[in-house]
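Reader: I'd love a close look at one small part of this model. Could you start with the backbone there and then follow the chain outwards to what packs around it?

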Amino acid sequence: MIRRKWPAAGVGVLLAALTAGLTFPTAAVAGEPTGQDAPQVDLVLDVSGSMRTKDIDGQSRMAAAKQAFNEVLDATPEEVELGIRTLGADYPGDDRKAGCKDTAQLYPVGPLDRTEAKTAVATLTPTGWTPIGPALLQAADDFKDGNGSKRIVLISDGEDTCAPLDPCEVAREIAAKGIGLTIDTLGLVPNAKLSRQLSCIAEATGGTYTSVQHQDELTDRVNELVDRAAEPVVTPVATEGAASCAKAPTLKSGLYTDREEFGQQRWYRVDVQAGQELRASVSVAADRAVNPDYGVLLRAVTVHDREIVRGEATGNGRTDVLSTGLRYPKPESDADDDNDDGDKPAVETVCLAVTNSFSPGSGVKTTPGLPLELTIDVVEGPGESSDVASFGLGRGWWLLGALVLTGFLAGLVWGWLSRWRLAVWRTH
């Protein structure tokens with residue numbers, strides 16, 4: 001029993017000491033939320049004829065959606081600018097060309113007048129087609145410029161009826177614009193085809209798909225997504241990597257997004273001063289059907305093409321996102337062969353190369369490229385470059401060693417005292 005208590009106590013002391021005595025370097029990230037621009041949400045509602053179906057808690061899908069919208073409008077945070085767009089609300093005929101243009105902005109994205117918005121929703125009647133693709137294209141233009149979060153919440157009970165304009169391709173094109181727009185989707189029917197289409201739309205922009213079959217579930221989920229838009233977020237900065245390091249953009253600490261073709265290599269540059277440490281990570285998402293067995297490679301090389309360090313990851317089709325990272329601490333005294341100015345703190349240009357081995361599934365479009373997210377952090381480095389293998393503890397290793405040694409000696413002493421007391425007890 002004593003032997004069990006002491007190690008636990010030792011660990012507690014060790015963790016407390018580490019927490020109090022060690023600090024890790026941090027750096028500001030470019031693209032952090034500034035709070036200057038209001039978050040914006042566009043609710044896109046399917047008002048096609050199938051919304052008349054009465055299968056949601058004894059009422060029609062349209063009635064459930066209206067009730068949910070009323071409750072959501074009441075609960076929308078004051079700082080959120082909200083708008084409403086419809087699809088299939090106006091054209092009742094059989095002309096497919098006309099039906100696929102049937103999308104309109106019911107209430108513009110902006111400061112919310114709850115009474116006006118509710119009045120607009122009350123006028124809706126299930127009418128026509130399901131032009132999801134055209135509606136998303138126009139919804140992307142409903143937002144004002146700014147660095148606040150932008151989110152589309154699409155609610156539908158059926159698949160798009162306006163092929164060949166594929167809603168998934170539309171979502172990928174929207175994501176490729178780099179405007180930081182997220183599309184969340186909600187399906188009102190537990191249908192496999194609908195689920196696949198809405199999931200594809202959401203995944204293309206980093207959003208979520210949810211299947212709902214009850215009015216309260218719909219209300220709760222839309223409320224959650226609207227509230228999420230109001231939360232502080234880091235908006236990635238759109239960039240465009242080059243085919244070589246010489247032509248690559250120079251990036252600072254921050255979060256960046258790009259697009260990378262299948263099997264392509266993208267280059268970026270980062271300036272690292274003596275005594276600093278470069279930390280970089282990359283994620284490449286398979287936003288469409290890809291063949292199994294793929295990989296992502298992130299390399300840091302000098303401008304003279306000498307590899308410094310690399311990170312790599314492989315997948316077998318079980319995950320949609322593959323990530324890897326690397327760390328490079330630049331010594332205080334720079335004596336690299338690539339730097340002729342070793343007598344003073346030099347700025348070294350590090351080239352980052354991102355390569356993927358994804359291959360598209362049969363019949364899958366290869367453009368736009370796969371979504372790529374790159375995180376770069378340049379911080380004050382550890383005391384010695386060898387500390388990269390020391391879990392980032394820097395000069396705190398001496399404290400860790402002292403605590404471990406102290407705990408070990410204390411354990412020996414306590415064990416000896418316990419054995420001595422037991423011997424005395426048996427003697428008496």
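Author: Happily! Let's start at Asp57, which sits in the loop between strand E2 (54-56) and strand E3 (59-60); strands are DSSP runs (E, at least two residues), helices likewise (H or I, at least four), numbered from the N terminus. The model is predicted, so local features need pLDDT of at least 70 and side-chain atom pairs 80 or more, while totals for chains, interfaces and linings use all residues. Residues are numbered from 1 along each chain as its sequence is written, and side-chain values use heavy atoms, without hydrogens or water.

What draws the eye to Asp57 is its phi, near 55°: a positive value, and the residue is not a glycine. Most residues other than glycine have a negative phi, and most peptide bonds are trans.

On that second point, two prolines deserve a visit. The bond from Ala163 to Pro164 is cis, with omega near 15°, and Pro164 belongs to the loop between E6 and H6. Thr367 and Pro368 are also joined by a cis peptide bond, here with omega about -5°. You will find Pro368 in the loop between strand E16 (347-356) and E17.

Back to the neighbourhood of our loop, where helix H2 covers residues 61-75. One partner is helix H4 (residues 114-122): the two pack at an angle of about 170°, with axes 10 Å apart (axes are lines fitted to C-alpha atoms over the stretch in contact, and angles run from 0 to 180 degrees between N-to-C directions). Because of that angle, H2 is roughly antiparallel to H4 (over 145 degrees). On the H2 side, Lys66, Phe69, Asn70, Leu73, Asp74 and Ala75 take part, and they meet Arg114, Ala117, Lys118, Val121 and Ala122 of H4; contact means heavy atoms within 4.5 Å.

H2 has another partner in H8, where the axes come within 9 Å and cross at roughly 35°. From H2, this contact uses Ala64, Ala65, Gln67, Ala68, Glu71, Val72 and Ala75. H8 answers with Gln215, Leu218, Thr219, Val222, Asn223, Val226 and Asp227. If you would like one residue to click on, try Ala75, which H2 brings to the contact with H4 and also to the one with H8.

Conventions: Angles under 35 degrees count as roughly parallel, over 145 as roughly antiparallel, 65 to 115 as roughly perpendicular and the rest as oblique.
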